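Trainee: I am new to this structure. Please take me through one part of it closely.

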Amino acid sequence: MDLEKQPQQPQKPAERKPVAPAEPGPAGFRASDADRDRTADILREALAEGRLDAEEHGERIDAVYRAKTVGELEPLVRDLPAPGADGRAAAPARGTGGGYGYGPEDPAAPAENMIAIFSSSTRKGRWRIGAKVNAFALFGNVEIDLTEALFGQRVTVINATSIFGNVEITVPENITLRGNGNGVFGNFEVRTLEAPDRDAPTVVVNGTSVFGNVEAKPKRGKWIANLVNDALRKHLGH
């Protein structure tokens, strides 16, 4: 007896489960202010140790504060060791400074502006200099005397612009002084210094002179001392 053929039922396509979107890896995370500040600290340390010159440091710092993700920050310090990772002691914590008078550093602190337009602007004596100073002279004169200054941090960057004017910067003989700039029918001169003490302050002068003068140099006979011990000796009358 012939078996009655049963019509085949069409098979339903297998249901596809929705796939959850992949979570971004750490490099894709949005960069926080703390991430940028940590990266900037590594760059400042590299500048102070001579691993980066002033121009490279400036370019990388600009990129740090433009970065949107952690992945954009990583290449900026990939070729640099973390502070203390090269076998030497790490730099003193902020606020100790090996006795040089460093105070707690505030990354959000605004830059100090010194402007002289058909006038003069001067800072000298015992004053606390911040991490960044902008000096602008237009038919005027700006004088920055750091020979008795208290440094708020290990690295200070001075951006100097002179147009038919003059910007003069004087520093103690035993700090590190570096510079990067150019003169257009003018003079840009930084007398490079290398401090014998790796914990001593570093001053970086960047700028441009147009029909003017930007000059940074040490002042003979002026030395930055271990300010903590120096103050103690004066208090004891020694």
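Trainee: Which are the buried residues of α2?

Mentor: Keep in mind that this is a predicted model. The buried residues of α2 are A54, H57, R60, I61, A63 and V64. Buried here means under 20% relative accessible area.

Start with the helix itself. Helix α2 covers residues 54-66, 13 residues in total. At 1.5 Å a residue, α2 should span 18 Å. The C-alpha atoms at its ends lie 19 Å apart, so the expected span and the model agree.

Now look at the partners. The buried residues of α2 pack against two helices, α1 (33-48) and α3 (70-77). They also pack against the strands β7 (155-163), β9 (176-184) and β11 (202-210).

Next, turn to α1 and α3, which pack against each other too. Their axes are 10 Å apart, and the angle is about 5 degrees. Angles under 35 degrees count as roughly parallel, so α1 is roughly parallel to α3. On the α1 side, the contact is made by D35, R36, T39, I42 and L43. On the α3 side, V70, L73, L76 and V77 take part. The residues of this contact divide into six nonpolar, one polar and two charged.

One strand residue completes the tour. I169 is found in strand β8 (residues 166-171). Its relative accessibility is 1%, so I169 counts as buried. Leaving aside residues up to four places away in sequence, I169 touches I144, L146, I158, V205, E215, A216 and K217. Take I158 from that list: I169 and I158 are eleven residues apart along the chain, and their C-alpha atoms are separated by 9.3 Å.

Notes: Residues numbered from 1 in each chain as written. Predicted model: local features only at pLDDT ≥ 70, side-chain atom pairs only at ≥ 80, totals over all residues. Heavy atoms only, no water. Helix = DSSP H or I, 4+ residues; strand = E, 2+ residues; numbered from the N terminus. Expected span 1.5 Å × (residues − 1). Buried < 20%, exposed > 50% of the residue type's maximum accessible area, 1.4 Å probe, protein only. Contact = heavy atoms within 4.5 Å. Axes fitted to C-alpha atoms, helices over the stretch in contact; angles between N-to-C directions. Parallel < 35°, antiparallel > 145°, perpendicular 65-115°, else oblique. Nonpolar A, V, L, I, M, F, W, Y, C, P; charged D, E, K, R; others polar.
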